[in-house]
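The exchange below works through one protein model by question and answer. Please keep the sequence and the structure in view while reading.

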Amino acid sequence: MTGADLAVKTLEANGVKVVFGYSGAANAPFIDSISHSSIEYVLSRNEQGAAHMASGYARVSGTAGVCTATSGPGATNLITAIATAYMDSIPVIAITGQVKRELIGKDAFQEVDIIGATLPYTKHSYLVKDVNEIARVINEAFHIAETGRPGPVLIDFPIDVLKEKYEGNGNEEINLRGYKVPGKASSSQIKKVAQAVRNAERPVILAGGGVRCSGAVEEINRLAVRTGIPVVSTMMGLGVIPTDSDKFYGMIGSHGTRYANRIINRSDLVLAFGTRLGDRSVANAKGMEESGKLIHIDIDPAEIGKNMQPRIPVVGDIKDVIEQLLPMLEDHKVSKEWADETNELRQTLRYTPTAEDNGFVNPRYFLARLSEITNSDVYLTTEVGQNQIWCANHFRIKKPESFLTSGGFGTMGYGLPAAIGASRAQSNVPVIAVMGDGSFQMDLPELGTMKQYGIPVKMVLFKNDRLGMVHEHQYLFYKSNYQMVDITDGNPDFATLAGAYGIKSSTVSTNADVDKGINDMLADKESYLLIVNVSPFEPTGDALNEIRMTKEA
């Protein structure tokens with residue numbers, strides 16, 4: 001057995017069914033061993049796409065996704081996708097090939113210090129210089145990636161280690177002296193939380209992506225139902241409460257809904273579960289600190305106090321925290337006055353898209369119809385930009401794992417490969433990738449991956465011939481000085497381009513044609529591209545639209 005055989009055997013023992021990657025000389029022994037195993041190898045069209053596929057696979061499967069690349073430029077092409085997974089706490093195992101051990105540090109052909117290059121964006125990294133360490137390292141990598149706050153782990157294999165003969169039994173156990181998963185949260189801190197909730201007149205729950213990571217979706221729903229506390233969310237927290245639930249009051253932040261932002265501003269207590277409280281979510285950090293209304297609950301102690309100092313900090317797994325908190329609030333309900341106020345804000349400020357035609361498709365209306373026609377029983381992935389915000393605010397999201405997007409890093413080029421990974425993780429639920437015409441052109445090569453492996457992703461392309469989000473910012477903040485955002489003359493004929501890969505397509509240009517376009521797309525059993533013509537001046541979301549309306553007034 002070679003080191004590569006041992007690596008693949010250990011991946012199989014950890015339940016790995018698919019590896020996404022791009023082939024090269026330095027990882028060739030690893031790929032050769034995969035070909036003799038039960039693991040499927042999916043060849044991406046670039047390395048970044050492979051890592052995004054692994055990320056999408058992880059989101060849907062609930063287990064770490066695995067990707068591989070060769071040394072040098074192959075490895076560095078993974079970095080953006082590794083950072084994307086790191087920011088959104090997605091478990092990914094990145095396996096890279098490396099030059100021979102004797103050549104490390106000598107600027108050999110395609111040598112790069114990928115450990116140093118990815119150090120800020122991984123939970124941990126390994127350079128394996130001894131074939132006898134392979135099984136232990138891989139087992140440790142899965143444990144680190146999937147426990148605590150999930151995240152990516154990188155393993156760098158010199159090619160001669162992969163080729164070396166291995167004589168052991170491959171049953172090496174993990175040995176992580178410095179790695180500890182947080183235990184039960186402090187009961188005394190949770191008692192303080194319960195008392196603060198009882199004393200509050202206008203409490204609100206802010207749900208972040210950590211609720212999903214913790215597997216605490218059922219618990220936070222029970223907390224909301226039992227207490228009547230209104231729930232808002234960050235983008236990564238969308239779906240922990242179904243977005244059409246009467247307990248949910250929208251996404252907060254610069255691209256959130258007006259009523260969600262108003263509710264959090266009017267509250268006197270914010271229970272923040274599993275969120276970094278980043279600048280896109282909470283702009284007025286100082287105000288929340290000074291009001292003393294923040295309770296911050298997170299499994300990662302590094303997040304507590306990083307962006308704003310909480311009145312009550314709680315370090316622990318969210319599922320455990322809520323399970324401890326629920327009995328302490330057995331008989332507690334929010335006041336009728338606060339419930340009525342939040343309901344009125346939601347009712348009066350909620351945007352309802354209409355089918356009125358203006359020569360373009362209203363993307364909000366399109367997404368409302370897509371949600372209605374599919375009953376939201378799909379996995380929806382997005383790119384970054386206007387398409388992402390329209391989806392977040394206007395597609396009905398039932399479960400957090402069904403909405404895949406790049407939140408913390410905001411990575412264009414994420415959506416389509418993530419959809420490929422989501423599709424490979426299961427075959428029962430349709431996968432729809434929503435994109436803009438700017439971001440789609442970062443994804444185009446992966447049409448080849450879809451065609452080669454028969455991956456039936458449905459693609460919705462909001463075409464406005466602009467880099468829409470930046471175009472809107474230039475309107476709002478740069479006196480309409482539109483620079484480097486118009487891609488009209490450079491856009492390809494997307495239908496012809498899809499046809500070159502043997503992928504069918506159609507175009508929708510009015511709201512009246514939306515239902516037919518959606519139904520035609522869904523009826524096709526293979527990959528499909530639906531081009532949706534959108535106005536270049538279509539606003540992104542409620543919060544930015546308020547700025548627009550104020551400016552125009």
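The questions that follow concern cysteines, a helix, the nonpolar cores and a sheet.

This is a predicted model, in which local features need pLDDT of at least 70 and side-chain atom pairs count only at pLDDT 80 or more, while totals for chains, interfaces and linings use all residues. Residues are numbered from 1 along each chain as its sequence is written, and side-chain values use heavy atoms, with hydrogens and water left out.

User: How many disulfides does the structure hold?

Analyst: A disulfide is a pair of cysteine sulfur atoms within 2.5 Å. For Cys67, the nearest cysteine sulfur is that of Cys213, 18 Å away. The number of disulfides in the structure is zero.

User: Is Cys67 buried or exposed?

Analyst: Buried means under 20% relative accessible area, exposed over 50%, and partly exposed in between (1.4 Å probe, protein chains only). The relative accessibility of Cys67 is 0%, so Cys67 counts as buried.

User: Where do the buried residues of helix H23 lie around the axis?

Analyst: Helices (H or I, at least four residues) and strands (E, at least two) are DSSP runs, numbered from the N terminus. In H23 (residues 514-523), Val514, Gly517, Ile518 and Met521 are buried. They cover an arc, taken from the directions from the helix axis to the C-beta atoms, of only 95°, which means that they lie on the same side of H23.

User: Which exposed residues does the face of H23 turned away from its buried side carry?

Analyst: The buried side of H23 packs against helix H16 (363-374) and strands S15 (431-436), S16 (458-463), S17 (504-508) and S18 (528-533). On the face turned away from that side, the exposed residues are Lys516 and Ala523.

User: Which residues have the most contacts inside the largest nonpolar core?

Analyst: A nonpolar core is a set of buried Ala, Val, Leu, Ile, Met, Phe, Trp, Tyr and Cys residues joined through side-chain atoms within 4.5 Å. Leaving aside neighbours within four places in sequence, Leu370 is in contact (heavy atoms within 4.5 Å) with Leu380, Phe395, Ile432, Ile518 and Met521. The largest core has 82 residues, and those with the most contacts inside it are Phe273, Phe366, Leu370 and Phe462.

User: Which strands stand at the edges of the six-strand open sheet?

Analyst: Two strands pair if DSSP finds at least two bridges between them. The sheet is parallel, in the order S2-S1-S3-S4-S6-S5. Each edge strand has a single partner, so one side of each lacks a neighbour in the sheet; these strands are S2 (40-43) and S5 (124-127).
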